[in-house]
Amino acid sequence: MLCCPVCKSRDIFPVAGGYIGQVYLCKNCKYRGSFVLEVDDNAVLDEEKKVTEK
């Protein structure tokens with residue numbers, strides 16, 4: 001699962017690719033770049049539970 005490195009949103013999609021490499025766009029914070037976070041599904045669910053418990 002891919003996540004935005006700025007806002008940690010999962011609403012991140014590839015917008016360009018090929019020779020220059022993959023470029024992603026976050027629909028939440030408008031981040032555009034090639035660096036994204038790839039996380040395990042269980043790790044994301046655990047983090048969401050921690051946030052909602054606070």
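This report describes the sheet, the nonpolar core and the cysteines of a predicted model.

## The sheet

The strands of this predicted structure include an open sheet of 3 strands, arranged in the order β2-β3-β4 with antiparallel pairing. Strands β2 and β4 stand at the edges and each has a single partner strand, so one side of each is left without a neighbour in the sheet. Strands of a sheet pair through backbone hydrogen bonds, and the pairing may be either parallel or antiparallel.

Strand β2, covering residues 12-16, is joined by 4 bridges to strand β3, covering residues 23-26. Among the residues paired in this way, I12 has C26 as its bridge partner in β3, while A16 has V23 as its bridge partner in β3. On the other side of the pairing scheme, 2 bridges join β3 to strand β4, which is made up of residues 32-33, and here L25 stands opposite R32 in β4.

## The two hairpins

Strands β2 and β3 form a hairpin with 6 residues between them, and in the turn of this hairpin G18 has a positive phi of about 105 degrees. Strands β3 and β4 form a hairpin as well, with 5 residues between them, and in that turn the residue with a positive phi, of about 70 degrees, is K30.

## The core and the surroundings of C26

The largest nonpolar core has 6 residues, namely C4, I12, Y24, C26, Y31 and V36. Two members of this core, I12 and C26, are also the bridge partners that link β2 with β3.

When its neighbours within four places in sequence are left aside, C26 is in contact with C4, C7, S9, D11, I12 and Y31. Of these contacts, C4, I12 and Y31 belong, like C26, to the largest nonpolar core.

## The cysteines

A disulfide is a covalent bond between the sulfur atoms of two cysteines. A search of the whole structure finds 0 disulfides. For C7, the closest cysteine sulfur is that of C26, at 3.7 Å, and this is too far for a bond, because a disulfide requires the two sulfur atoms to lie within 2.5 Å. C29 is likewise in no disulfide, and the nearest cysteine sulfur to its own, that of C4, is 3.6 Å away.

Both of these unpaired cysteines are also described by their accessibility: C7 is partly exposed, with a relative accessible area of 28%, and C29, at 31% relative accessibility, counts as partly exposed too.

Technical notes
Residues numbered from 1 in each chain as written. Predicted model: local features only at pLDDT ≥ 70, side-chain atom pairs only at ≥ 80, totals over all residues. Heavy atoms only, no water. Pairing = 2+ DSSP bridges. Core = buried A, V, L, I, M, F, W, Y, C linked by side-chain atoms within 4.5 Å. Buried < 20%, exposed > 50% of the residue type's maximum accessible area, 1.4 Å probe, protein only. Contact = heavy atoms within 4.5 Å.
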